[in-house]
Amino acid sequence: MDHPWETLPAWCYNNRNFFQTERDRIFLRTWQLAGHVSELNEPGDYIRFDLLDQTVIVMRGQDGEIRAFHNICRHRAYRLLDGHSGHCDRLVRCLYHGWSYDFSGKLIGVPNESTFENFDRAEFGLKPVEMDMFLGLIFIRFLPGGPSLAEELAPLREPLGHYRIEQMKPFGPHSVTPIEADWKVAVENNSEAYHVPIGHPGLQRIYGASYSLEILGNGTSRGGGQLQEPTAKSTWSERHYMKLLPEVDHLPEERRRAWLYYSTFPNLAFDIYPDQIDFFQIIPVAPGKCYARARAYALEDNRREMRVARWLNLRINMQVGKEDVGLVEGTQAGLASLGYGTGHLSRKEARIKLFQDEVRRRIPAALLREPPDAFTASPVAETV
Ligand code: FES
Ligand SMILES: [Fe+2]
C-alpha cells in the first residue's frame with residue numbers, strides 16, 4: 001500500500017482464503033444484529049439468524065428472558081428450527097430423533113433414554129451464544145472477546161436514542177436481496193454519497209446538496225442530509241413525501257426533516273428517517289457473493305399523512321435500492337479485470353477508508369497489492 005487513501009486491492013474481493021479469514025477474524029468476532037425485541041412477544045417466539053456456516057436462534061423463555069442458542073441439536077447436530085422466525089409450543093423438539101428442550105435450552109426429553117450409557121441430560125442443553133441488546137435491537141456474537149456491545153455502539157446511543165427504537169414495531173416484511181458482489185463492495189457502496197449525484201438522481205434532489213458525513217468512533221460513522229424543497233424535476237413520490245411528512249414531536253428540530261445513515265463495522269447500517277427506521281445488513285455468502293437483509297420499523301402513528309409518507313418513503317428507497325444493486329454488481333464484475341489493481345478514495349469516501357483500515361488491521365495481508373502465497377494456495381488443489 002503506497003498511499004493512505006489507496007483502496008483495498010482487487011484480489012481481496014474474490015479470494016477463497018481471504019474470505020475464510022474474514023469469517024474467522026471479522027464475522028465470528030463482531031456483534032451481529034439478529035432482530036428486534038418486538039419480534040419476540042410471547043414465550044416460545046423465536047427468530048433465527050444464519051451467517052455462513054453458523055445458525056443461531058434467539059428465543060423468549062417462559063420466564064420472559066431472551067436467550068440465544070446455537071440452532072443445532074446436541075444429539076447429532078441436526079438443525080433445530082427453520083424459517084426466519086416462528087413460535088414453538090411448550091418445547092423445542094428436534095425433528096430427527098425427537099430430543100426436546102425447554103425455552104431456556106434445558107434438555108427435557110430423550111426418547112429411549114435408558115439406551116444411552118453414562119448419560120447426563122444436564123450436559124446436553126442447547127449451547128448458549130453471547131447476546132446483548134441495544135435500544136431494543138438484539139445482537140449476538142459467535143465468539144466471545146472484544147468490546148461489549150454497549151462499548152462498541154456507544155457513539156450511536158445519543159443520536160439513535162432520539163427515535164424511540166425500543167418501542168417500534170416491524171413495518172413491512174423482512175427482506176432478503178441476493179447480490180452478485182462481495183460483501184465489502186456492498187458495504188462500501190452503502191458508506192458513501194459521492195455516487196449519489198450520478199447514481200441516484202432522486203436522492204440527489206431530496207438531500208444531495210446538504211449531505212455531510214461524520215466519523216463517530218469505534219468504527220461507526222454517519223452520513224446524510226436535510227430534505228430540500230421540491231424542484232421541477234422532483235417525481236410525484238418525492239414531492240408528496242416532502243409535502244406530507246408530518247412533524248415528529250419527540251425528535252429534535254434538526255432531525256425532523258433529516259435522512260441519516262449510520263454504519264457500524266463490519267456489515268450493519270441504519271437508515272434513519274423521521275417517519276421510520278430500517279436496518280440494512282450485508283451477509284457474506286461466498287467470495288464475490290452476498291445478500292442484503294433489511295427490515296423497517298416504525299412507531300404506532302395513525303395520522304393519514306404519516307401513513308402516506310411512510311409508503312412514499314418505501315417507494316423512493318426501493319428505487320434507490322435497485323440502483324445500488326446495479327452499481328455494486330457492476331463494480332464486482334470490474335474488480336475481476338486485469339486492468340484494475342487498486343483505486344484511490346476521495347475525502348467524500350472517508351467512511352470507506354474507515355472500513356478498509358479496519359479490514360487491514362484485522363487482516364494485514366490486505367495491505368499487499370498481490371495475494372501472498374498463503375492466500376493463493378488453493379485448498380482444493382492441495383488435497384487432490
Ligand atoms: S439429532 Fe436431534 S434428536 Fe438426534
Ligand atoms: Fe447508493
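**View 1. Lining of the largest cavity.** The largest cavity is lined by 18 residues, with Val 187, Ser 191, Ser 263, Thr 264 and Pro 266 lying nearest its centre; a cavity here is a set of points, on a 1 Å grid over the protein atoms alone, where a 1.4 Å probe fits but cannot get out, and lining residues have an atom within 4 Å of a point. This is a predicted model, in which local features need pLDDT of at least 70, side-chain atom pairs count only at pLDDT 80 or more, and totals for chains, interfaces and linings use all residues. Residues are numbered from 1 along each chain as its sequence is written, chains are lettered from A and ligands numbered from 1 in the order in which they are written, and side-chain values use heavy atoms, with hydrogens and water left out. About 140 Å³ of space lies in this cavity, a volume being the space filled by probe spheres set on the grid points, which are joined across faces, edges and corners. At least two lining residues come from each of helix H4 (183–190), strand E14 (258–264), strand E15 (268–272), strand E16 (277–286) and helix H9 (350–362), where helices (H or I, at least four residues) and strands (E, at least two) are DSSP runs numbered from the N terminus.

**View 2. The second largest cavity.** Of the 3 cavities of 30 Å³ or more in the structure, the second largest has a volume of about 50 Å³. Its lining consists of Thr 30, Trp 31, Phe 139, Leu 149, Glu 152, Leu 153, Thr 264, Phe 265 and Leu 268.

**View 3. The iron site.** The iron ion (ligand 2) has as its protein donors His 195 (NE2), His 200 (NE2), Asp 324 (OD) and Asp 324 (OD), lying 2.0 to 2.7 Å from it; donors are N, O and S atoms within 2.8 Å of the metal (3.2 Å for Na, K and Ca), and water is not among the atoms, so sites may look incomplete. Along the chain these donors follow the spacing H-x4-H-x123-D. Distant parts of the chain are thereby linked, since His 200 in the loop between helix H5 (196–199) and helix H6 (201–207) and Asp 324 in helix H8 (residues 304–335) are 124 residues apart. Both His 200 and Asp 324 are buried, that is, under 20% relative accessible area, with exposed meaning over 50% and partly exposed in between (1.4 Å probe, protein chains only).

**View 4. Cysteines without disulfides.** The structure holds 0 disulfides, a disulfide being a pair of cysteine sulfur atoms within 2.5 Å. Cys 290 is in no disulfide, and the nearest cysteine sulfur, that of Cys 12, is 16 Å away. Cys 290 is buried, with a relative accessible area of 4%, and Cys 94 also counts as buried, at 3% relative accessibility.

Methods
On a 1 Å grid over the protein atoms alone, a cavity is a set of points where a 1.4 Å probe fits but cannot get out, and a pocket is an open set with protein on both sides within 12 Å along at least five of seven lines; lining residues have an atom within 4 Å of a point.
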